[in-house]
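This briefing introduces a structure to a reader who is meeting it anew. It treats a patch on the surface and then the arrangement of a sheet.

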Amino acid sequence: ECMACSDNVVRGGLTPKFKDVEVLCEMLDYRGAPPAVVKPVQLDDGVQLYADPDIEEFQVTHLHLAKGSSMRRLFSRAGPTMGFAYKGSGSLTISGEVKDISPGTVFMLGAGVEPEIKADMELEFFVASCPPQYFRPDCTFA
């Protein structure tokens, strides 16, 4: 799950914290509908981007590398990137420093960092970053 920053939590009574039942009932929509789904776009072999113009704060990249393969990938020129390994094992190499990755490994990359990614076994991981338009100086958000 990837979420943008928010202070609009309304609790429904599952914890001992404050419950605003009136506001919760006002904001609920009881009409049935299929869930909103962000469909991935294939960028390269083994690279899918989940992005939506209505989601201004982040995008998610899914990488799938076959055993023994490698690639270099720049996730964000202007902002940080956070990722986690989902399946398999391999390594990230940044400025000559090698970090092993395996399921559950979480990593953060600075803006403009382009790691070399190697798969020792079939490797899958997900990376969240801000989309390029997030950093435009003329871009304002309501």
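Met82, Phe84, Tyr86, Val106 and Met108 together make a nonpolar surface patch of about 540 Å². The model in which this patch is found is a predicted one. The points below describe the patch by its strands, and then turn to an open sheet of four strands.

**The nonpolar patch**

- Two strands, E5 (81-87) and E8 (106-109), each contribute at least two residues to the nonpolar patch.
- Strand E5 provides the largest share of the patch, namely three residues.
- Met108, one of the patch residues, is located in strand E8.
- Met108 is classed as exposed because its relative accessibility is 57%, and the class of exposed residues begins over 50%.

**The open sheet**

- Four strands form an open sheet in the order E4-E9-E6-E7, and their pairing is antiparallel.
- At the edges of this sheet lie strand E4 (70-72) and strand E7 (97-101), each of which pairs on one side only.
- On average, neighbouring strands of the sheet are turned by 20° against each other, with direction ignored.

**The pairing of E6 and E9**

- Strand E6 (residues 90-94) and strand E9 (residues 116-119) run antiparallel and are joined by four bridges.
- Within the E9 strand, Ile117 is the residue that stands opposite Leu92.

Technical notes:
Residues numbered from 1 in each chain as written. Predicted model: local features only at pLDDT ≥ 70, side-chain atom pairs only at ≥ 80, totals over all residues. Heavy atoms only, no water. Patch = residues over 30% accessible without salt bridge, like charges linked within 9 Å, V, L, I, M, F, W, Y side chains within 5 Å. Areas by Shrake-Rupley, 256 points an atom, 1.4 Å probe, with all protein chains shown as cover. Salt bridge = Lys/Arg side-chain N within 4 Å of Asp/Glu carboxyl O. Buried < 20%, exposed > 50% of the residue type's maximum accessible area, 1.4 Å probe, protein only. Pairing = 2+ DSSP bridges. Axes fitted to C-alpha atoms, helices over the stretch in contact; angles between N-to-C directions.
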